[in-house]
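Welcome! Keep the structure open beside you while you work through these short exercises. Try each task yourself before you read its solution.

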Amino acid sequence: MQDTSKQYDAVIATCRALFINKMSDYGSAWRILRLPSLTDQIFIKAQRIRGLQQNDVRKVDEGEVSEFIGIINYCAMALVQLDKGVVEQPDLNTEEATELYDEKIAITKQLMLDKNHDYGEAWRDMRVSSLTDLILQKLLRVKQIEDNAGKTIVSEGIDANYQDMINYAVFAMIHLGESE
């Protein structure tokens, strides 16, 4: 499990660095996005990954890794939006946004560690394509919950689904890194 924690941190360090650089370029413009918009952005990235996994020809020179990074960062943004709400104008500087990012990722990592303990690192025997499919399934669940105005009867809420997507994307990136 110690390797998993270190590998997780390495993946997140890459994602976090891109998040910070994009904050420097664009500020917190993402703060105006409503949850369904963020969900759709994540969906586009997951669909592209699935397409890359199924198609022999690639017309854009970006692979799965950049899309998984996008999924992780958009999910972290969605978790921030769940807590802080949507704003009409960007309202966070890079330092504030990074603190919120780190907070959401720390909670999500702890969830991963707890589940990883209970499941015995079953993800290590999974294919990247299966992790992609699970992300797509979670997205469809989130869309349904959003259509139900955020209400569930017996299921986890939107936040748990975003956290699972982060963790599945991290696992996929660990697998892709090990296969290089």
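**Exercise 1.** Is Glu67 buried or exposed?

*Solution.* The model you are looking at is a predicted one. Step one is to recall the cut-off: a residue counts as buried when its relative accessible area is under 20%. Step two is to look up the value: Glu67 has a relative accessibility of 5%, so Glu67 is buried.

**Exercise 2.** Find the salt-bridge partner of Glu67 and say which helices the pair ties together.

*Solution.* Begin with the distance rule: a side-chain nitrogen of Lys or Arg must lie within 4 Å of a carboxyl oxygen of Asp or Glu. Arg48 passes this test with Glu67, as their closest N and O atoms are 2.8 Å apart. Next, place the two residues: Arg48 sits in helix α2 (residues 35–54) and Glu67 in helix α3 (residues 64–84), so their bridge ties together parts 19 residues apart in sequence. Finally, check the partner's surroundings: Arg48 is partly exposed, at 22% relative accessible area.

**Exercise 3.** Describe helix α3: how many residues does it have, and how many of them are buried?

*Solution.* First, the span: α3 has 21 residues and reaches 30 Å from first C-alpha to last, close to the 30 Å expected at 1.5 Å a residue. Then the burial: 16 of the 21 residues are buried, so α3 is largely enclosed by the rest of the structure. Last, look just past the helix, where Gly85 takes a positive phi of about 85°.

**Exercise 4.** Which residue forms a salt bridge with Asp83, and is that partner buried or exposed?

*Solution.* Asp83 pairs with Lys104, with 2.0 Å between the closest N and O atoms. This pair links distant parts of the chain, since Asp83 belongs to helix α3 and Lys104 to helix α4 (residues 94–119), 21 residues apart. Now set the two accessibilities side by side: Asp83 is exposed at 55%, whereas Lys104 is buried at 9%.

**Exercise 5.** Which residues share a salt-bridge network with Glu156?

*Solution.* Start from one pair: the side chains of Glu156 and Lys138 meet in a salt bridge at 3.9 Å, N to O. Glu156 lies in the loop between α5 (128–147) and α6 (158–179), and Lys138 lies in helix α5, 18 residues away. Glu156 is partly exposed at 41%, while Lys138 is buried at 5%. Following shared partners, you reach one network made of Lys115, Lys138, Glu156 and Asp164.

Methods:
Residues are numbered from 1 along each chain as its sequence is written. This is a predicted model: local features need pLDDT of at least 70, side-chain atom pairs count only at pLDDT 80 or more; totals for chains, interfaces and linings use all residues. Side-chain values use heavy atoms; hydrogens and water are left out. Helices (H or I, at least four residues) and strands (E, at least two) are DSSP runs, numbered from the N terminus. Buried means under 20% relative accessible area, exposed over 50%, partly exposed in between (1.4 Å probe, protein chains only). The expected span of a helix is 1.5 Å times one less than its number of residues.
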